[in-house]
Amino acid sequence: MNEVGSVRTAVRREDESGSGAFQASASIVQAGFYSWEIATGEVSCDPLTLALHGMPENGPSDISSFLAAVHEADLSDVRDGLGLIAESCGNYQIEYRVTSDDGRHRSLEARGRVLPGADGLPARMVGVVMDTTAVHERHEAERQRLYERATRDRWMRELTAALAVAVTVKDIMAAAQKGLRVFGADALAVIAWEGNRPTVVASCSDDERGESSLQVLDATARTLGRQSLERGAPVLIGTVDALTTAHPHLAPLAQSAPQAWAALPVMDSRGGVSSCLVSFPEPQEFLPEERALLVAAVGLLAQSLERAGMYESEHALATELQRGMLPRGPLTVPGVTIAARYQPATSGMWIGGDWYDAISLPDGDVALVIGDVQGHSVHAASLMGRLRTAVHAYANEGHPPAAVLERTNRLLAELNTDPDRALFATCCYMALNPFDGTLRVCRAGHPAPALVTPRKPPRLLEVPGGLPLGIDRDQRYPTTCLRIAPGSVLALTTDGLLEAVNKDIDQGTERFLEGLRGASSADLETVVDDLLAGTRKDHSLGDDVALLLARLHRRGHRG
């Protein structure tokens, strides 16, 4: 069978064991009679049959003339169908299209019975031809309506899912923009009111024409938006004529891109009211089903925008709190160049317990510290602040690395008096002599640091460690001593970076080491940014990240 659009070319033969009656498949609007002599190809028919095929009343009456009128896309199947008809007697139906002089298509259905000749072989087919164009058009309209309904239903599910995870206004409007064309719209704007003054708080458009629609939305907001608020119900304007009739002062908009508008009132959880204006490039009927979906979509959009506003406020507060707990400004210590970053999680709570520090010690050494308090909460962040302060204080008292961690461990164990709020922390503490490269390293459950030596590939240092801080009050931490060459780079990070790739710490470690290649001679700020950019590009971080790189100066070098 060949199918073009929803019109089907088909031949159907009734089973000889059937009742002999055709099942009605269309409402007959026009029907003509015909008789086709199979052997000679001669066709006898009434004027209506000729007219249905676009042929004059005194036109030719052979089968080839009728085939010439058949739509080219259906011709092959019709020829095959006629071949079947010529093979056996019985009842047949055949559907096909013809093309009129003006290029329009007409759907026809021929029904007939093949009668035998004296020799018992198929000799003649007699029957009727019916114009089924209107029926096909109704079927196509119904099919299109069902398709559009299914498309809108699918989009509503997708929109609901997208809005459920979107946490910024940008993400929310990106989700809304995808749905504009589903409703046949080209622009949308959410408008807040301060007295009688409308202010666009969020908007999106489907294309360049939609951008001009956004400008027109501003002109219609005072009228249609205000009217929808006063009514407490949607205001739907399906045509430009309807707009200018109801609001003559908006007549200049008749020459603009939008041809229809929808203004819907939106109420937030605190009772505040705003408006959502949607413009359409073509006139709209706003059928009840479409109207209901539009109202539901706008309601979901408004709820998400309100949540985004709260989220962004909380995010700003959390970010400021986190920033206040980390070192302010660049880390500077004698003999070492340092680059460090803190990157919050991109999902869940933005505030976490990762921290880093660099401390100039009383004996001239430099302490490099990185730590991670479990969890993402205000409690974890506040505990991180206390631990960072404690490490800083113990280091400044002149304690060696192991003693610093052991004292910090006892402090956290004493703070963990409430089992329901008890948290542990990991930490890596190293003391570096910037003059001779001597390095002392202690680990408390933290990932091992990496070392990049000039002209050698990056590698993880083999540093034995102890339990995380806060678990065993009497835990002891071994110290690893080694010496690094001038120009070497020490790299410390938290597991948020190493587990950013599919939560696979081995894969993440390989990626981390690969990103450190060339770090001994590269700009450390660029290296840090590149390491973090890779995680932001490929994965949504479920954990925050702290990262610290420190390069030991070459002799006589200060930067």
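This passage walks through the pocket, the cavities, a helix pair and the salt bridges of one structure. The model is a predicted one.

A good place to begin is the largest pocket, which holds about 460 Å³ of space. Its lining is made up of 23 residues, and those closest to the centre of the pocket are Val190, Val266, Asp268, Ser274 and Ala302. Four elements each give two or more residues to this lining: the strands β9 (187-194), β12 (260-267) and β13 (273-280), together with the helix α8 (288-325). Among the contributors, α8 gives the most, with seven residues. Sorted by class, the lining of the largest pocket contains 15 nonpolar residues, five polar ones and three charged ones.

Next come the spaces that are closed off. Searching the whole structure turns up three cavities of 30 Å³ or more. The largest cavity contains about 250 Å³ of space. Of the 17 residues that line the largest cavity, Ile63, Phe66, Leu82, Tyr96 and Ala110 are the closest to its centre. The elements that supply two or more residues to this lining are β4, α2 (63-68), α3 (72-85), β6 (90-99) and β8. The lining of the largest cavity divides into 15 nonpolar and two polar residues, with no charged residue.

The second largest cavity has a volume of about 120 Å³. Here 13 residues form the lining, and Trp155, Ala176, Phe183, Leu188 and Ala297 are the closest to the centre. At least two lining residues come from each of α4, α5 and α8. Helix α8 provides the largest share of the lining of this cavity, four residues. By class, the lining of the second largest cavity has 12 nonpolar residues and one polar residue, and none is charged.

Two of the helices that line the second largest cavity, α4 and α5, also pack against each other. Helix α4 covers residues 133-165 and helix α5 covers residues 169-180; the angle between them is about 175 degrees, and their axes are 9 Å apart. This angle makes α4 roughly antiparallel to α5. On the α4 side, the contact is made by Trp155, Leu159, Ala162 and Leu163, while α5 brings Ile172, Ala175, Ala176, Lys178 and Gly179. In terms of class, the contact of α4 with α5 has seven nonpolar residues, one polar residue and one charged residue. Readers following along in the structure can find Trp155 and Ala176 in this contact and again among the residues closest to the centre of the second largest cavity.

Finally, charged side chains deserve a look. Side chains of opposite charge can pair when their charged atoms come close. In this model the count comes to 13 salt bridges. One of these joins the side chains of glutamate 37 and arginine 124, with an N to O distance of 3.7 Å. Glutamate 37 belongs to strand β4 (residues 31-37) and arginine 124 to strand β8 (residues 122-131), so the pair ties together parts that are 87 residues apart in sequence. Both strands, β4 and β8, also give two or more residues to the lining of the largest cavity.

How values were computed
Residues are numbered from 1 along each chain as its sequence is written. This is a predicted model: local features need pLDDT of at least 70, side-chain atom pairs count only at pLDDT 80 or more; totals for chains, interfaces and linings use all residues. Side-chain values use heavy atoms; hydrogens and water are left out. On a 1 Å grid over the protein atoms alone, a cavity is a set of points where a 1.4 Å probe fits but cannot get out, and a pocket is an open set with protein on both sides within 12 Å along at least five of seven lines; lining residues have an atom within 4 Å of a point. Grid points are joined across faces, edges and corners, and a volume is the space filled by probe spheres set on the points. Ala, Val, Leu, Ile, Met, Phe, Trp, Tyr, Cys and Pro count as nonpolar, Asp, Glu, Lys and Arg as charged, and the others, Gly among them, as polar. Axes are lines fitted to C-alpha atoms, for helices over the stretch in contact, and angles run from 0 to 180 degrees between N-to-C directions. Angles under 35 degrees count as roughly parallel, over 145 as roughly antiparallel, 65 to 115 as roughly perpendicular and the rest as oblique. Contact means heavy atoms within 4.5 Å. A salt bridge is a side-chain nitrogen of Lys or Arg within 4 Å of a carboxyl oxygen of Asp or Glu.
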